[in-house]
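Trainee: Please give me a close reading of one part of this model, the pairing of its strands and the burial of residues within them. Then set the packing of its helices beside that account.

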Amino acid sequence: MTSMDPFRDEARSRGLPEDEVERWLATDRRSAMLGLAGEAPPDGPLAGRLGGLPSMPDGEPVPDLPFLASVDLAAVPPGATDLPLPEDGTLLFFADTEDPWSGDDWHRLVYVPVGTPVSERASACEWLPEVLPARDLQLTLKPSLPNRGSDTEEFPHGSELGSVWWKTCGEMTTDGPVQIGGFPWVWNADPVTDHDHGPGDWVLLAEVGGEGVTEGELGVVHWVIRRDDLAGRHFDRARAHFDMVG
């Protein structure tokens, strides 16, 4: 289990109430981080790929969008997140991060059930960027807290506590281009709470981005979905939002 003492020490140095700090830490949402193989801790299983060609179901056209990453859900152990993820199958993430404000057609999430006949294929679209070499992703488990908070009745020092996590999380977590579950890393707008998604329990499904993944070194795509839709495997109902530093 990851020690959260760096967070506690920083919060204590700022004079934040210890009972509020512990209540904030109790809001931790488990998440699965997929880092580049060889850069993640050596005991993490291979759980996906970055770049390369997507393994699309036979007979289904490849989306005319850049392919970002794939995640093998069978490699994500039960309890790694608090999401009702399928026990197996593959998630394929596509997004045009060069123009993510062009409407609803700039992103696509494809779920491929286990046992589906697939083949690695490229889109026939001529404008797509060059396909980058595939790189394996290795899974690690990490705690997740908001990097931006708000002062509320429950957490009178919520903004400061978010700042504490922003400063100290690197001492307690690993980083990587793909995160499943947990809280999003927010530069500008929170993809879960700062958008009018309508009724339902909306959660972060995945965060994909970073250097060599999206346009702009610090660009990131967040996919959000209702828990009920996730449990029912209605991945076509997921929504995506793009965020970047600045």
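Mentor: A residue is called buried when its relative accessible area is under 20%, exposed when that area is over 50%, and partly exposed in between. L50 has a relative accessible area of 4%, under that limit, and is therefore buried. The model is a predicted one, and every value that follows should be read in that light.

L50 belongs to strand 2, which covers residues 46-50. Strand 2 is one of 10 strands that form an open sheet, in the order 6-5-4-2-8-1-9-10-11-12, with antiparallel pairing. Strand 6 (107-112) and strand 12 stand at the edges; each has a single partner strand, so one side of each lacks a neighbour in the sheet. From one strand to the next, the twist averages 20°.

In that order, strand 4 is next to strand 2. S70 lies in strand 4, residues 67-72, and this serine counts as buried because its relative accessibility is 12%. If neighbours within four places in sequence are set aside, the contacts of S70 are A47, G48, R49, T90, L91, L92 and L137. Of these partners, A47, G48 and R49 fall within the residue range of strand 2, while L137 falls within that of strand 8, residues 135-142.

The other half of the sheet contains strands 9 to 12. Strand 9 (residues 178-181) pairs with strand 10 (residues 202-209) in the antiparallel sense, over 3 bridges; Q179 stands opposite E207 of strand 10. Further along, strand 11 (residues 220-226) and strand 12 run antiparallel and are joined by 5 bridges. In that pairing V221 is placed opposite F242 of strand 12. Although strand 12 stands at an edge of the sheet, this strand, residues 239-243, is mostly covered, with 4 of its 5 residues buried. An edge position in the pairing order therefore does not leave strand 12 mostly uncovered here.

Two loop residues may be set against these buried positions. R233 is found in the loop between helix 4 (227-231) and strand 12. Its relative accessible area is 41%, so R233 is partly exposed. The phi angle of R233 is near 60°, a positive value in a residue other than glycine. L132 sits in the loop between strand 7 (118-120) and strand 8. With a relative accessible area of 46%, L132 is likewise partly exposed. L132 and L53 are 79 residues apart along the chain, and 8.6 Å separates their C-alpha atoms. For L50 and W166, the separation is 116 residues in sequence and 26 Å in space, C-alpha to C-alpha.

The residue number of W166 falls within helix 3, residues 158-168, which leads to the helix packing. The axes of helix 1 (residues 5-13) and helix 3 come within 9 Å, crossing at roughly 130°. Helix 1 is therefore oblique to helix 3, and their crossing is right-handed. On the helix 1 side of this contact are P6, F7, E10 and A11; on the helix 3 side are L161, V164, W165, K167 and T168. The residues of this contact divide into 6 nonpolar, 1 polar and 2 charged.

Helix 1 also packs against helix 2 (residues 18-25), their axes coming within 10 Å and crossing at roughly 145°. This crossing, too, is right-handed. F7, R8, A11 and R12 of helix 1 meet E18, V21, E22, W24 and L25 of helix 2. Here the division is 5 nonpolar, no polar and 4 charged. F7 and A11 take part in the contact with helix 2 as well as in the contact with helix 3.

Helix 2 and helix 3 complete this set of pairings: their axes are 11 Å apart, at an angle of about 65°. Helix 2 passes helix 3 in a right-handed crossing. The contact brings E20, V21 and W24 of helix 2 to G158, L161 and G162 of helix 3. Its residues divide into 3 nonpolar, 2 polar and 1 charged. L161 thus meets helix 2 and also helix 1, while V21 and W24 meet helix 3 and also helix 1.

How values were computed. Residues are numbered from 1 along each chain as its sequence is written. This is a predicted model: local features need pLDDT of at least 70, side-chain atom pairs count only at pLDDT 80 or more; totals for chains, interfaces and linings use all residues. Side-chain values use heavy atoms; hydrogens and water are left out. Axes are lines fitted to C-alpha atoms, for helices over the stretch in contact, and angles run from 0 to 180 degrees between N-to-C directions. Angles under 35 degrees count as roughly parallel, over 145 as roughly antiparallel, 65 to 115 as roughly perpendicular and the rest as oblique. A crossing is left-handed if the near helix is turned anticlockwise from the far one by less than a right angle, and right-handed if clockwise. Contact means heavy atoms within 4.5 Å. Ala, Val, Leu, Ile, Met, Phe, Trp, Tyr, Cys and Pro count as nonpolar, Asp, Glu, Lys and Arg as charged, and the others, Gly among them, as polar. Buried means under 20% relative accessible area, exposed over 50%, partly exposed in between (1.4 Å probe, protein chains only). Two strands pair if DSSP finds at least two bridges between them.
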